[in-house]
Amino acid sequence: MNLFSYFRTEIIAAVEKVAPGQDTSKVTAEPPREASHGDVATNAAMVLCKAVGAKPRDLADKIAAELRGHAAVTGVEVAGPGFINIRLADSFWIERLIDVLREGEAYGGSDLGKSHRVNVEYVSANPTGPMHIGHARGAVTGDALASLLAKVGYDVTREYYVNDAGAQVDVLARSVHLRYREALGEAIGEIPEGLYPGDYLKPAGAALAQLHGAKFKDAPEAEWLLEFRGHSVEAMLGMIRSDLAGLGVRHDVFVSERGLVEGGKVQAALEFLQAKGLIYEGVLEPPKGKLPDDWEPRPQTLFKATQFGDDVDRPLKKSDGSWTYFASDIAYHLDKYRRGFASMIDVWGADHGGYVKRMQAAVKAVSEGKGDLDVKLCQMVNLLKGGQPYKMSKRAGTFVTLADLVEAVGKDVVRFIMLTRKNDAHLDFDLDKVTEQSRDNPVFYVQYAHARCHSVMRHAVEIWPDWASIVQTPDPAVLQRLTDPAELGLIKQLAGWPRLVETAAEAHEPHRVAFYLYELAAGFHGLWNKGKDEARLRFLIEEDRDLSLARLALLQAVVLVISSGLAIFGVEPMKEMR
RNA sequence: GCGCCCUUAGCUCAGUUGGAUAGAGCAGCCGCCUUCUAAGCGGCAGGUCACUGGUUCGAAUCCAGUAGGGCGCGCCA
C-alpha cells in the first residue's frame, strides 16, 4: 500500500465534505520535508482556497477537523501558510510493517501501469565488436528501468535494435575477410586504415576458414561480402550477448535493421508518410557554424519533421539512393507502434542528443499523435583509478571492454554504481572507490546493511531456531513492542518504499532507488549502533523473546525491501561480507 | 550561429515533479569498540541553489534572458 495515495483519497473525501465539487487534481499528500511536521502533509487548503473563496488557514481548519475523525490519525495541525500536517498512530505503522512481511519481495509493487504495454529499447550497440564501458551504462539503465516499470504493473518488453544494415557492417565483413586470410596462413601485416583492427575478429575469421576453406581467399568482394557480413554480424552479436549475460542484462526481443529493410518495412513506412503528405523533395539550408568541406546544395527526399517540433526537416535518402539511418529508424519505430507499443522508451548515449527531436517527431507522425517516445540520454562515464583518469590500454587502442570491467570489479558493482547518478549527469566510475569498503561506497554500504541483518538472524537461530516461521505470520500484539523512535523511524522508511517505487517509475528514473536504499541502509546502521550505546535496544534480548521477535520482524522487513530494491537493479544481495 | 543537456557546501552529489528553516557522503574538528561485523555510529562546522528579471499564497524546481561547461549540427550509425 502506498500510504500517501491512500491518504490523498482520504483528504479529498474530507475536502468533498467541506467544499463539495472542487477540482482536487492539484491536491497532494506527501511526506513533509521535516519529520517533526508529522507523517503526511497536504497542500489541499492552499490550492483550493481561491476557488472556495476562503482564507487558506480557515479552509485548512475545516478540512483538518474532518481528518481528525480518521482511525489512524492521532493529530492534525495546520501550519505555515496553510499546510495540514497529519500524524499517524503507531499501530498504523505496525500495520505497514505487516504489509512488508506479508507481501515479501513483492512489496512496493502496484498496478499503477495497469498492464499497459511499454517497449524499452536499450544497448543497441553496433554489432561490430565487443561492448565497451560506454555501453554498460545504457545497458544497466535500460534494464533497471524495465524492471522498475514491470514492478509497478506495466507490461514491459525489453528490446535490442541490431544495426546490421549500414556501411559499418561492410567494414566489419572486410575486416573479418582479412582475418579469414590470416587464418588460412597468409601474413596480413598491419591492419589497413579504415578496417577494424581488434583481435576479437580472429575467431570469426577462423570459423569462416573452417567453413569455406580457401574458396574466398582471392575471390572478388562481391562473391563473399554477403556471406561474410551475415556470419560476422552473428559472431559479433554472440559476443555482445555474452557480454550482456556477464552483466546480467537481458532482452526479450532482438530486431534486425536489415530485416526491416529487406522485409520492405522502410519502403512501407515512407509510403505511409508520403500518403500523409509528410515527405517532399527539397533543398536544405546549409548547416550553421563549421560547414562540411564538401557541402553543396542538393535536392533531397525530406521528412517534414518541423511539423512535429523539430528544427529542420530531415533527409531520408543518401546521395547514392539508399536509405539514411533515420529512414530505417522511422520504420523501426512504426514497427514498434504497430506491434502494440504506444509507449516507447529508448536509451541512448548522450552523443545522440541531436537525434532526439527528430525521432520524437517521427513517432508522432507515424502514430498519428497517439504514440509517445521518451529518450533517456546516458552521459559519459569517466573511468578513474584512485581519482586519476584511467585507461586500460589494450594493444590496439585505449578502449575498455565491458568484460574487462566486470572481471575487475564484478557485475553487481558495475550495475549498482551505474545507477547512482541520474542518466543525464556525468558519472565518475573509480575502480578503487567502487570496491572500497566504506560509507563512501554506496554498493558496499547497502550490501553491508543487508549482511548485518543476516548476521543477527544467524545468531537468532541459535536462540530461537523457529523464529523465522513465527515472524512469517506476525502477531500485531508482539510487533507493538516496537516503540523506540528509531525503530518506528525505520518502519516509516520501509513504508515509504511503495511511493518511492511509483515516483521513480513514473519519472523513468531508476537512480532514485539507489538513493533510497542508501538512506534505508543508513537508518538501519543507525539503529544497530544504538544497540551498542543502549543494551536494551539490541535486536536480540534473550530474556525477552517477544521483543526480540518483533525486532527480528523489523530486520526481516529491511532485508525484504533491500533485496527487492536490489532486484530492480539486478544486483544479488549479500548475506555475509567477511 | 542553432538545438539539447548541465551549473546546489572546499570536493562528489540528492532534493519526493511548485511547498515550510535546501539535505547526504567525503575532506576538517570532537566523541563512541570487554557487547548482534567500529567495514560502523553520534555531534560540530560548512550555502547569495551560477546571475538577472518574471509567473503566484509559495520557486533550487516553471518561463525569459545572461554567463560558464558538455554533446550534437545533410549523404555516420
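A polar contact is taken here as a pair of N or O atoms within 3.5 Å; within protein, one must be able to donate a hydrogen and the other to accept it, and residues adjacent in sequence count only if both atoms are side-chain atoms. The model is predicted, so to speak of local features takes pLDDT of at least 70 and side-chain atom pairs count only at pLDDT 80 or more, while totals for chains, interfaces and linings use all residues. Residues are numbered from 1 along each chain as its sequence is written, chains are lettered from A and ligands numbered from 1 in the order in which they are written, and side-chain values use heavy atoms, with hydrogens and water left out.

On the base side of RNA strand B, a base nitrogen sits 3.3 Å from a side-chain N or O atom of His352, and the side chain of Asn85 has an N or O atom 2.6 Å from a base nitrogen. Turning to the backbone, a polar main-chain atom of Arg439 lies 2.6 Å from a phosphate oxygen of the strand. Sugar or phosphate accounts for 62% of the RNA strand B atoms within 4 Å of the protein, bases for the rest.

There are 72 residues around the strand (a heavy atom within 4 Å), with Ser319, Gln437, Tyr448, Ser455 and Arg499 coming nearest. Helix α20 (helices being DSSP runs of H or I, at least four residues) gives the largest share of this surface, 10 residues.

Helix α20 also packs against α18 (residues 485–495), with the axes 10 Å apart and at about 165 degrees (lines fitted to C-alpha atoms over the stretch in contact, angles running from 0 to 180 degrees between N-to-C directions). The two are therefore roughly antiparallel (over 145 degrees).

Note on methods: Angles under 35 degrees count as roughly parallel, over 145 as roughly antiparallel, 65 to 115 as roughly perpendicular and the rest as oblique.
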